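Me: I am new to this structure and would like to learn how to read the ligand site and the empty spaces. Where should I begin?

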Amino acid sequence: MAVNARQKVILRTMGIPVWAAHRDIPGQKKDNESTEQLFEPETERPITPEIRREASQELEQKTEQKTEQKTEQNRALRADQKIERAPADSWSLLQDQVNGCTNCELNLSRTNPVFGVGNKQASLMIVGEAPGHDEDLKAEPFVGEAGHVLDQMLFSLGLSRYDVYIANIIKCHPPNNRKPLASEIEACSDYLLRQINLVKPRLILTVGAVSTKKLLHSRELISELRGKVFTHQESSIPLVPTYHPAYLLRKPTEKRTVWRDLLLVKKMMAES
Ligand code: URA
């Protein structure tokens, strides 16, 4: 490859000797040259101060580019290491994020976000819909009338609310007890998934249509879904839906149906 005068200066500056075959050096004797002569520059035109200046500028530019590249590579490497070193998801991190959450408008009307309660290593996780008025005030799920029914349901399984982990699909109370909007459910969905991943229960019991449909990505009626065993796709954990405790307050005759669903839960817990 032909090397021009400026490039030769650069190579020399970098400590790389430039030499040419004898036959290529114009006017060079073929015999009896010293070794020095083998390294004589191949000068098509004399190396002027101008050429030296250009060469040194080019060299400076190349060095700068190399330094920038290196810095960028180091930055990427540090970022990778940071990701590897980042602590795994933790309860305190999640709790802080929920406490400061502004993902949807409900943060403007809530008194407290309602994170979840119970045994963080529970085998059974209960997933409800949304905090009501009482829950909003006490920052704890299922503490109102529906909560009292849920306690009875758990009692029938030989459990208390502190043996299981209880959370809702959304963490903030929708004003006037209205149903959560699809956008609110979506904005909150990551928190529940992270709770499920942290608890790693052996079974999820969804109570009511909202949590059941959301976790099963289903549009079917709760009356069709309840009492059957599904798998929660994101965590691969078995999931059984039943009616919401608040529904039992309105329709106590369905307690029998829920009782049957709970027997299924009991059986599954005993077998797993
Ligand atoms: N209903 C729910 O779904 N969750 C609560 O926390 C209270 C009532």
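Reply: Begin with the residues around the ligand, which are Gly-128, Glu-129, Ala-130, Pro-131, Glu-135, Pro-141, Phe-142, Asn-168 and His-244. Keep in mind that this is a predicted model.

Me: How many residues of each class are in the shell around the ligand?

Reply: The shell has four nonpolar residues, three polar ones and two charged ones.

Me: Which N or O atoms of the protein side chains pair with the ligand, and at what distances?

Reply: Look for pairs of N or O atoms within 3.5 Å. In the side chain of Asn-168, an N or O atom is 2.8 Å from a nitrogen atom of the ligand. In the side chain of His-244, an N or O atom is 2.9 Å from an oxygen atom of the ligand. The backbone takes part as well: a polar backbone atom of Phe-142 is 3.0 Å from an oxygen atom of the ligand.

Me: How much of the ligand does the protein bury?

Reply: The ligand taken alone exposes 240 Å², and the protein buries 91% of that area.

Me: How is empty space found in a model?

Reply: A probe the size of a water molecule is rolled over the atoms, and this shows where empty space is left. In this structure, the space taken by the ligand is the largest pocket.

Me: What is the volume of the largest pocket, and which residues lie nearest its centre?

Reply: The largest pocket holds about 660 Å³ of space. Its lining consists of 27 residues, and those nearest the centre are Glu-129, Ala-130, Ala-146, His-244 and Ala-246. Two or more lining residues come from each of α6 (133-138), α7 (145-156), α9 (209-216) and α11 (245-250). Of the elements, α11 gives the most, with four residues.

Me: How does the lining of the largest pocket divide by class?

Reply: There are 12 nonpolar, eight polar and seven charged residues in that lining. Glu-129, Ala-130 and His-244 deserve a second look, since they are among the residues around the ligand and also among those nearest the centre of the largest pocket.

Me: What lines the second largest pocket?

Reply: The lining is made of Lys-179, Pro-180, Ala-182, Ile-185, Glu-186, Ala-209, Val-210, Lys-213, Lys-214, His-217, Ser-218 and Arg-219. About 290 Å³ of space lies in this second largest pocket. Both α8 and α9 supply at least two of its lining residues, and α9 gives the most, with four. By class, the lining of the second largest pocket has five nonpolar, two polar and five charged residues.

Me: How does a cavity differ from a pocket, and how many cavities of 30 Å³ or more does the structure hold?

Reply: A pocket is open, whereas a probe that fits in a cavity cannot get out. The structure holds one cavity of 30 Å³ or more. The largest cavity has a volume of about 100 Å³.

Me: Which residues lie nearest the centre of the largest cavity?

Reply: They are Cys-101, Cys-104, Lys-171, Cys-172 and Cys-188, out of 14 lining residues. The elements α5 (106-109) and α8 (182-199) each supply at least two residues of this lining, and the largest share, four residues, comes from α8. By class, the lining of the largest cavity has nine nonpolar, two polar and three charged residues.

How values were computed. Residues numbered from 1 in each chain as written. Predicted model: local features only at pLDDT ≥ 70, side-chain atom pairs only at ≥ 80, totals over all residues. Heavy atoms only, no water. Near = heavy atom within 4 Å. Polar contact = N/O pair within 3.5 Å; in protein donor to acceptor, adjacent residues only side chain to side chain. Areas by Shrake-Rupley, 256 points an atom, 1.4 Å probe, with all protein chains shown as cover. 1 Å grid on protein atoms, 1.4 Å probe; cavity = no way out; pocket = protein on both sides within 12 Å on 5 of 7 lines; lining within 4 Å. Sits in = over half its atoms within 2 Å of the grid points. Nonpolar A, V, L, I, M, F, W, Y, C, P; charged D, E, K, R; others polar. Points joined across faces, edges and corners; volume = space filled by probe spheres on them.
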